[in-house]
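Student: I've got a protein open on my screen and I'd like to learn how to read it. Can we go through it together?

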Amino acid sequence: MKAQTLADNLAENPVDEEYEPLRTYFPDEEVMHIDELEHIEKPGWKLFFDGDANMKGVEIGAVLISETGHHYPVTVQLRFYCTNNMAEYEACILGLSLATDKGVQEFLVLGDSNLLVYQIQGE
């Protein structure tokens, strides 16, 4: 799934008092193989972030997931031009701010920007 599609979907479906989960049907005629994977999840908070810059503008988003599975999504449309890498940084900062506002001290940060991940790891 393209990150822009996810960001557009989150921006068009804000979570408010009237929010209802989307019920989307995905047919599986094109599925050739289904296999079960054993997921060993580590308990704790998780932060997912993504950003995208294109001709329409710059959108960033993050989702903070609590230990109990509660989701805290946030999306922002930036009003200044920046590159895709800069949008990834802004999305990460947005997620870190969200975690700080919620008082979360320790969490796993997950993103799809190799540049950002390698720089944080000091590589």
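Student: How much area does the protein expose, and what share of it do carbon and sulfur atoms supply?

Tutor: About 10,000 Å² is exposed, and carbon and sulfur atoms supply 54% of that. Accessible areas come from the Shrake-Rupley method with a 1.4 Å probe, and for residues only the protein chains shown count as cover. Before we go on: this is a predicted model, where local features need pLDDT of at least 70, side-chain atom pairs count only at pLDDT 80 or more, and totals for chains, interfaces and linings use all residues. Residues are numbered from 1 along each chain as its sequence is written, and side-chain values use heavy atoms, with hydrogens and water left out.

Student: Which helices and strands should I look for, and in what pattern?

Tutor: Helices (H or I, at least four residues) and strands (E, at least two) are DSSP runs, numbered from the N terminus. Here you'll find three helices and four strands, and along the sequence they follow α-β-β-β-α-β-α.

Student: In what order do the strands form the sheet?

Tutor: Two strands pair if DSSP finds at least two bridges between them. In this protein the order is β3-β2-β1-β4, in an open sheet with mixed pairing. β3 (71–78) and β4 (107–111) are at the edges with a single partner strand each, so one side of each has no neighbour in the sheet.

Student: How do β1 and its partners run?

Tutor: β1 (residues 45–54) pairs with β4 in the parallel sense, over five bridges. Try finding W45, whose bridge partner in β4 is F107, and F48, which has L110 as its partner there. With β2, β1 runs antiparallel, joined by nine bridges; F49 has A62 as its bridge partner in β2. β1 and β2 also form a hairpin, with two residues between them.

Student: Is β1 largely enclosed or open?

Tutor: Buried means under 20% relative accessible area, exposed over 50%, and partly exposed in between (1.4 Å probe, protein chains only). Seven of the 10 residues of β1 are buried, so this strand is largely enclosed by the rest of the structure. Across the protein, 26% of the 123 residues count as buried.

Student: How many disulfides are there?

Tutor: A disulfide is a pair of cysteine sulfur atoms within 2.5 Å. By that rule, the count is zero. You can still look at the cysteines C82, buried at a relative accessible area of 1%, and C92, buried at 6%.
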